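This report describes a structure for a reader who has not met it before. The sequence and the coordinates come first, and the description follows.

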Amino acid sequence: MQNSSLATDAGHHKPASPRVAGSRKNVGRAVVILASLAFLVLLLIQILYTTGATTSGFADWRPILAAYLFWAVAIGVGQVVIRGERGLRALFLLPAVFFTVAVVIFPTLFGIYIASLDWNLSSLEGPRFYGFNNLIGLFHDTYYWNALGNMIFYTAAVLGEYAVAFGLALLLNAEIRARKFFRVVFLLPMMLSPVAVSWMIGKSLMEYRFGPAATLARYLGWENPAFFASPWMAWLSIQAMDAWVSIPFIMIILLAGLQAMPKEVQEAAKVDGANGWQAFWHVTFPIMLPVSITVLIIRIIFKLKLADIVINVTAGGPGGATDTVSSFIYRVYRDRSNVGYGTGLAIFYLLLIIALLTILLRLSNRWTQKVE
Amino acid sequence: MATFTSASKPVRKHHPAARAKRILGRVLIYGALLFWAFVCLFPIYWTITTSFKSAVDVTQGHLIPWLDFQPDWKGWRSLGLSPDTIFGTSTSRAEFGSRFANSIVTSVGASVLALILGSLAAYGLSRFRYKFAWMRNDDILFFFMSQLILPPVVLALPFLVLYKALSLLDTRFGLILLYTLTVLPIVIWIMRDQFNSIPIELDEAAFVDGLSTWGAFIRIVLPLSVPGMAAAFILSLVLCWNEYFFAALLTSTDAKTLPVMVASQTGSQGINWWSMAALSTAAIAPLVIVGIFLERYIVSGLTTGAGK
């Protein structure tokens, strides 16, 4: 990174200061090289110590973390000294880049390594290399494929959440009284912790014997209101809870989009004699399409991480009907302590998500271009 | 569409049919609004009232305090937070207090850290053109946003192993780092839109006045971007406060957060409804209050994002 790859172009508004003097540049390079060397030496010492090759080293890896921080600071200082104004500009971006590399890129690569191990925390043998066997095992794991299948239904349900949220956003955007009150109330479920919601709704409101929802269901003629007994009913209940928590987010983004829409557009539609439905379908909906696609994609991303409610209400049951990939892997970690296999499942899931989102983004780009 | 009063005047004499239709529309709109308000509020109402109920009131499905059941501090007493126990010593209150403090420290700490890192990066991406190997501004932005798709399960185990090596397991600092990374993309997304909406001429005027790049950012642009920062901060706070997955896997005794405590109580057999309700109420109360009083910042901050 220190070689020159991070270069800030001349900004649009301020010419970068004149070239920095050569001697100063050398000082900057020396700082960067020294810091990198120090970091590498420390890393090497610690690796040798951990693998047992040498006897001197640190008790844990914390000094390496400190060294990484120190190295990051040195790179930043080096950028400023070498590049002057351009270095100062790079300084805006560098903290986030160093942070992301340390806590996302490195752990993900490490995860890929773990996925190639046969490693069960409860067995005494410790990790051993396993190659692609975790991946092969995954293709025979019916529970995993069942969870993946469930994810398709969960993801499809996002469209239903979107429809409800759009309706609510239109209601809030209409000429109504007490708009502020309704807006606050509609937003509240978003604030609540899914774990608390699991108890509040899943375990108490929907409780079989005396939960109010069960009482209401009995009153309406459902004699045996067991919300989590039959597979599809349990799935529906979990989905309803997740929708309850997440609809406000979709709604608030759509509402923001509706409020940014010019009023003249809708008035023009009225002048042309369009009724409410036509005005919505031919004017409002197409204009809202870009915002809709953005919020749908964000919502799908969050939906693919769904776990808390499932873990706490049904633990995947009955018979895996409500299982999500995340809740399944959570059980692989917690109950079976199967670290290598669980991480393998997670990495495979990540690859599927990346493929799915790439297709979605391509499609949405093409689609929005066609409409415009 | 117009409100009740203004709608009734001009149309009254001419079109009774149109007027009836309009009133029907109003009734439907308010009916839908009230129905959804009930859907949103009832679970919260149920939880709060249940924390004051005794066993009989729960099993008989009593709903309205004072009318069909006599409120009692039962649930709060079990947490050591009722008026008669608040000054005594209570182990459950001590435990709740430490979980509550952990939740506050980790969520506020992570939100502040994410806001600092994210605002800096967002400002850079909004004002300058970078080139990092083959990556230009859009690629760098995509790089940051793509962190959003990482499911927590991918990172959970590597972090378990890494944190063990770093002695960061079961520490608040470890959780803060993780939470920061989960909310950083959202902060960058909101803050970049916020900075884009601030005219670049302001920066230029600041340069003319002799301020440096960083001076212009801190003295001129940051004060103007408070709405976006408030929205980003609140959203981060919500996500971190409610996070369960990492906390459940990476904490055991010292750094346990409230969601983990709530979850561990639901798992145990023979739960007391009133104490669970009190615990849930206490766990959601801070964010409900934030939601009620700071709602407009969320909406206004997101509006700049959706309006582009």
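In this predicted model, buried residues account for 37% of the 372 residues of chain A. The chain holds 14 helices and three strands. Its radius of gyration is 28 Å, well over the 21 Å that the globule rule gives for 372 residues, so chain A is more spread out than a compact globule. The C-alpha trace of chain A spans about 80 × 65 × 35 Å along its principal axes. Of the contacts in chain A between residues at least 6 apart in sequence, 67% join residues at least 24 apart.

The domain assignment splits chain A into domain 1 (22–115) and domain 2 (136–371). Taken over C-alpha atoms, the centres of domain 1 and domain 2 of chain A are separated by 41 Å. Where these domains of chain A touch, four residues of domain 1 are in contact with five residues of domain 2. On the domain 1 side, the touching residues are three nonpolar, one polar and no charged.

Chains A and B also meet, in a contact that takes 86 residues from chain A and 86 residues from chain B. On the chain A side, the largest share comes from helix α3 (residues 85–115) of chain A, with 16 residues. The table gives the make-up of the side of chain A that touches chain B.

| Class of residue | Number on the chain A side |
|---|---|
| Nonpolar | 57 residues |
| Polar | 17 residues |
| Charged | 12 residues |

The largest nonpolar core has 168 residues, and those with the most contacts inside it are Met251(A), Leu254(A), Ala121(B), Val187(B) and Ala232(B). Which residues does Leu254(A) contact, leaving aside its neighbours within four places in sequence? They are Ala165(A), Phe166(A), Ala169(A), Met288(A), Val291(A) and Val295(A). Another core, of five residues, lies apart from the largest one and includes Val32(A), Ala35(A), Trp71(A) and Ala74(A).

The remaining values concern confidence. The predictor gives the complex an ipTM of 0.84 and a pTM of 0.85. Chain B has a mean pLDDT of 83, with 92% of its residues at 70 or more. Within chain B, confidence is highest in helix α5 (residues 91–127) of chain B, at 91, and lowest in helix α1 (residues 4–11) of chain B, at a mean of 44. The pLDDT is below 50 over residues 1–12 of chain B, a stretch that has 11 contacts in the model beyond near neighbours in sequence.

Technical notes. Residues are numbered from 1 along each chain as its sequence is written. Chains are lettered from A and ligands numbered from 1 in the order in which they are written. This is a predicted model: local features need pLDDT of at least 70, side-chain atom pairs count only at pLDDT 80 or more; totals for chains, interfaces and linings use all residues. A nonpolar core is a set of buried Ala, Val, Leu, Ile, Met, Phe, Trp, Tyr and Cys residues joined through C-beta atoms within 7 Å. A residue is buried if 20 or more other C-beta atoms lie within 10 Å of its own, exposed if 12 or fewer, and partly exposed in between; C-beta atoms are placed from the backbone. Two residues are in contact if their C-beta atoms, placed from the backbone, lie within 7 Å. Helices (H or I, at least four residues) and strands (E, at least two) are DSSP runs, numbered from the N terminus. Ala, Val, Leu, Ile, Met, Phe, Trp, Tyr, Cys and Pro count as nonpolar, Asp, Glu, Lys and Arg as charged, and the others, Gly among them, as polar. The radius of gyration is taken over C-alpha atoms; the globule rule is 2.2 Å times the number of residues to the power 0.38. Domain bounds come from an automatic or database domain assignment. pLDDT is the predictor's confidence in each residue, from 0 to 100.
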